[in-house]
Amino acid sequence: MTISLNNVGIRYMIGDFRNLGLKDFVIQQIRRQYTAKEFWAVDSVSFTLEKGDFLGIVGNNGAGKSTLLKVIAGIMQPSRGSIHVEGRIAALLELGAGFDGDLTVRENTFLRGALMGYSREFMHEMYGDIVAFAELEEFVDRPFRQLSSGMKSRLAFSIACLVRPEVLILDEVLSVGDGAFKTKSEARMKEIIANGATTIFVSHSMAQMRQLCNKVLWLHKGKQMEFGEAGEVLDKYEAMLNKK
């Protein structure tokens, strides 16, 4: 077992307190005029993945797919339930997010590596390969904010995929960049998957799901509708879409 979720839920509190000053908020509470509602973005999700499984997550917009990925990646904590993940995680969610614009490419590379739990010695060993793969050798002393969006994505991808992940999380992305780099990034991800990484993939492409996944999780308004063998779950999901 590599990944296990048991009754995982993510709750948000919805109310108008963000538009109130502290004084008005207290007054409304005293008068019992203030109300807040619960919204469960993810509700009672449970499944287990073994090493090498390729899970696809399907569902309409707002189903809770991206929120669930953030929980598995450790970016968010569940409001209830438990989650267990074994191995190093590479999460390709928002590729350009999480960098410091005032730090250089070199500094951001080591910072991101440290945040992912890698030692400075390991990052020194991998640094040259990361920068070369991202095709940013000429920009290592440039402030990160001066890079184009494509350069930022290439660096994020290179850091995530060259540090030997054992769990790969992909949100609507199977490659980044243009032309030659797109081909290179696709090849790198296929290599990671072929080496036995447990992969979780969100996409609206049923063709990609059927080609890549051996298991599928179907979410609807945060709730788990189906989890199981890819073909069986996708057949049910597409039948639902066709009815609509």
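**Overall make-up**

I began with the secondary structure, which for the protein chain comes to 8 helices and 9 strands. I note at the outset that this is a predicted model, and I read everything below with that in mind. Of the 244 residues of the protein chain, I find that 44% count as buried. For the accessible surface of the protein chain I have about 12900 Å², and 48% of that area belongs to carbon and sulfur atoms. I then looked up how contacts are distributed along the sequence: among those in the protein chain with a separation of 6 or more, 74% are between residues 24 or more positions apart.

**Helix H4**

I turned next to H4, residues 120-134, and checked its length against expectation: at 1.5 Å a residue, its 15 residues should span 21 Å, and the end C-alpha atoms are 20 Å apart, which agrees. Where is the kink in H4 centred? I place it on methionine 126, with an angle of about 45°. Methionine 126 is also one of the buried residues of H4, a list that further holds Phe122, Met123, Tyr127, Ile130, Val131, Phe133 and Ala134. I recalled here that an α-helix has 3.6 residues a turn, so residues three or four places apart point the same way. The cover over the buried residues of H4 includes helix H3 (105-115), helix H5 (149-161) and helix H6 (179-194). Just after H4, I noted that glutamate 135 takes a positive phi of about 60°.

One of the buried residues of H4, Phe133, also turned up in my list of rings, where Phe133, Phe157 and Phe181 form one aromatic cluster.

**Helix H3**

For H3 I wrote down Val105, Asn108, Thr109, Phe110, Arg112 and Gly113 as buried, and among what covers them I found H4 and H5. The residue I flagged after H3 is glycine 117, whose phi is positive, near 95°.

**Salt bridges**

How many salt bridges are there? My count comes to 11, and I followed several of them individually.

The side chains of aspartate 53 and lysine 215 meet in a salt bridge, at 3.1 Å from N to O. Aspartate 53 lies in the loop between strand E2 (37-49) and strand E3 (54-58), and lysine 215 lies in strand E8 (residues 215-220), so this pair ties together parts that are 162 residues apart in sequence. Are these partners buried or exposed? Taking under 20% relative accessible area as the cut-off for buried, I record aspartate 53 as buried at 9% and lysine 215 as buried at 16%.

Aspartate 141 and arginine 106 also meet in a salt bridge through their side chains, again entered as 3.1 Å, N to O. This pair links distant parts of the chain, with aspartate 141 in the loop between H4 and H5 and arginine 106 in helix H3, 35 residues apart. Here I found aspartate 141 exposed, with a relative accessible area of 54%, whereas arginine 106 is partly exposed, at 32%.

Arginine 210 forms a salt bridge with glutamate 238, and the closest N and O atoms are 2.7 Å apart. Since arginine 210 lies in helix H7 (residues 206-212) and glutamate 238 in helix H8 (residues 230-243), the pair ties together parts that are 28 residues apart in sequence. Arginine 210 is partly exposed, with a relative accessible area of 37%, and glutamate 238 is likewise partly exposed, at 25%. I added that salt bridges sharing partners join Asp43, Arg80 and Lys223 into one network.

**Aromatic pairs**

I then listed the aromatic pairs, of which the structure holds 9. Phenylalanine 54 and phenylalanine 201 form an edge-to-face pair, with 6.1 Å from centre to centre and 90° between the planes. The pair links distant parts of the chain, phenylalanine 54 being in strand E3 and phenylalanine 201 in strand E7 (residues 198-202), 147 residues apart. Phenylalanine 54 counts as buried at 5% relative accessibility, and phenylalanine 201 counts as buried at 1%.

The second pair I followed, tryptophan 218 with tyrosine 237, is edge-to-face too, at 5.4 Å centre to centre and 70° between the planes. Tryptophan 218 lies in strand E8 and tyrosine 237 in helix H8, so the pair ties together parts that are 19 residues apart in sequence. I entered both tryptophan 218 and tyrosine 237 as buried.

Terms used. Residues numbered from 1 in each chain as written. Predicted model: local features only at pLDDT ≥ 70, side-chain atom pairs only at ≥ 80, totals over all residues. Heavy atoms only, no water. Helix = DSSP H or I, 4+ residues; strand = E, 2+ residues; numbered from the N terminus. Expected span 1.5 Å × (residues − 1). Bend = angle between axes of the 7 residues up to and from the residue. Buried < 20%, exposed > 50% of the residue type's maximum accessible area, 1.4 Å probe, protein only. Contact = heavy atoms within 4.5 Å. Salt bridge = Lys/Arg side-chain N within 4 Å of Asp/Glu carboxyl O. Areas by Shrake-Rupley, 256 points an atom, 1.4 Å probe, with all protein chains shown as cover. Phe/Tyr/Trp six-rings, centres within 6.5 Å; stacked < 30°, edge-to-face > 60°.
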